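Biologist: Before accepting the labels on this model, I would like to see each one set against its definition. Please show the sequence and structure.

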Amino acid sequence: MNYFVKHKKICAFVTAFLVTAVLLLSGLFIVTHAEHECTGEDCPVCAELQVCAAAIRLLTEAAGTGTIVIFAYRMIQKILLSYQSGLCLRLVSLVSLKIRLDT
C-alpha cells in the first residue's frame with residue numbers, strides 16, 4: 001500500500017512540474033517574441049504565439065474549474081459529515097416539545 005501512495009505523490013509532483021513548466025515557458029516565449037518581424041501570412045512565429053496563448057488559456061481555465069469542483073466536493077463532504085455526526089441536527093428536548101411533567 002505504501003508503494004501506491006508514493007507512486008501517487010510522484011505522479012502528482014511530475015504533473016504539477018510539467019504544468020508549471022508549460023505555463024512559464026509559454027509565457028516566456030510570448031514575452032520574448034512579441035515584437036518579431038512578421039513575414040506575413042503563414043508566419044511560424046505568429047502560429048507558435050497563438051499555440052502558446054491557447055495553452056495558457058486552456059491550463060488556466062482547467063485549473064480554475066478544477067479548483068471550484070474540488071472546493072465544492074470538500075464543502076459537501078464536510079456538510080454531510082457534520083449531519084452524520086449530529087452537529088447540525090435540531091436539538092430535541094422535553095421542553096422544546098412542550099411536554100408537561102407535573103401531572
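**Labels and their cut-offs**

Modeller: Lys 98 is placed in the segment after helix 2; helices (H or I, at least four residues) and strands (E, at least two) are DSSP runs, numbered from the N terminus. This is a predicted model, in which local features need pLDDT of at least 70 and side-chain atom pairs count only at pLDDT 80 or more, while totals for chains, interfaces and linings use all residues. Residues are numbered from 1 along each chain as its sequence is written, and side-chain values use heavy atoms, with hydrogens and water left out.

Biologist: Why is Lys 98 called exposed?

Modeller: Exposed means over 50% relative accessible area, buried under 20%, and partly exposed in between (1.4 Å probe, protein chains only). The value for Lys 98 is 72%, so the residue is exposed. Its phi is near 60 degrees, a positive value in a residue other than glycine.

Biologist: What makes a positive phi worth listing?

Modeller: Most residues other than glycine have a negative phi. Asp 42 is also listed, with phi near 60 degrees. Asp 42 sits in the loop between helix 1 and helix 2, and its relative accessible area of 71% makes it exposed.

Biologist: What makes helix 1 oblique to helix 2?

Modeller: The axes of helix 1 (residues 2-32) and helix 2 (residues 44-85) come within 9 Å and cross at roughly 140 degrees. Angles under 35 degrees count as roughly parallel, over 145 as roughly antiparallel, 65 to 115 as roughly perpendicular and the rest as oblique. That angle therefore makes helix 1 oblique to helix 2. The axes are lines fitted to C-alpha atoms over the stretch in contact, with angles from 0 to 180 degrees between N-to-C directions.

Biologist: Which residues of helix 1 and helix 2 meet?

Modeller: On the helix 1 side they include Val 19, Leu 23, Ser 26 and Phe 29, and on the helix 2 side Leu 49, Cys 52, Ala 55 and Ile 56. Contact means heavy atoms within 4.5 Å. By class, the contact has 12 nonpolar, 3 polar and 1 charged residues. Ala, Val, Leu, Ile, Met, Phe, Trp, Tyr, Cys and Pro count as nonpolar, Asp, Glu, Lys and Arg as charged, and the others, Gly among them, as polar.

Biologist: Why does Ser 26 in helix 1 count as buried?

Modeller: Its relative accessibility is 8%, so Ser 26 falls on the buried side. Beyond residues up to four places away in sequence, Ser 26 touches Cys 52, Ala 55 and Ile 56.

Biologist: How do you know whether Cys 43 is buried or exposed?

Modeller: At 7% relative accessibility, Cys 43 counts as buried. It belongs to the loop between helix 1 and helix 2, and outside its neighbours within four places in sequence it is in contact with His 36 and Cys 38.

Biologist: Why is Cys 38 given its own exposure label?

Modeller: Cys 38 has a relative accessible area of 46%, so it is partly exposed. This residue also lies in the loop between helix 1 and helix 2. With neighbours within four places left aside, Cys 38 is in contact with Cys 43 and Cys 46.

Biologist: What makes Arg 100 and Asp 102 a salt bridge?

Modeller: A salt bridge needs a side-chain nitrogen of Lys or Arg within 4 Å of a carboxyl oxygen of Asp or Glu. The closest N and O atoms of Arg 100 and Asp 102 are 2.6 Å apart, so the pair meets the rule. The count by this rule is 1 salt bridge. Both Arg 100 and Asp 102 are exposed.
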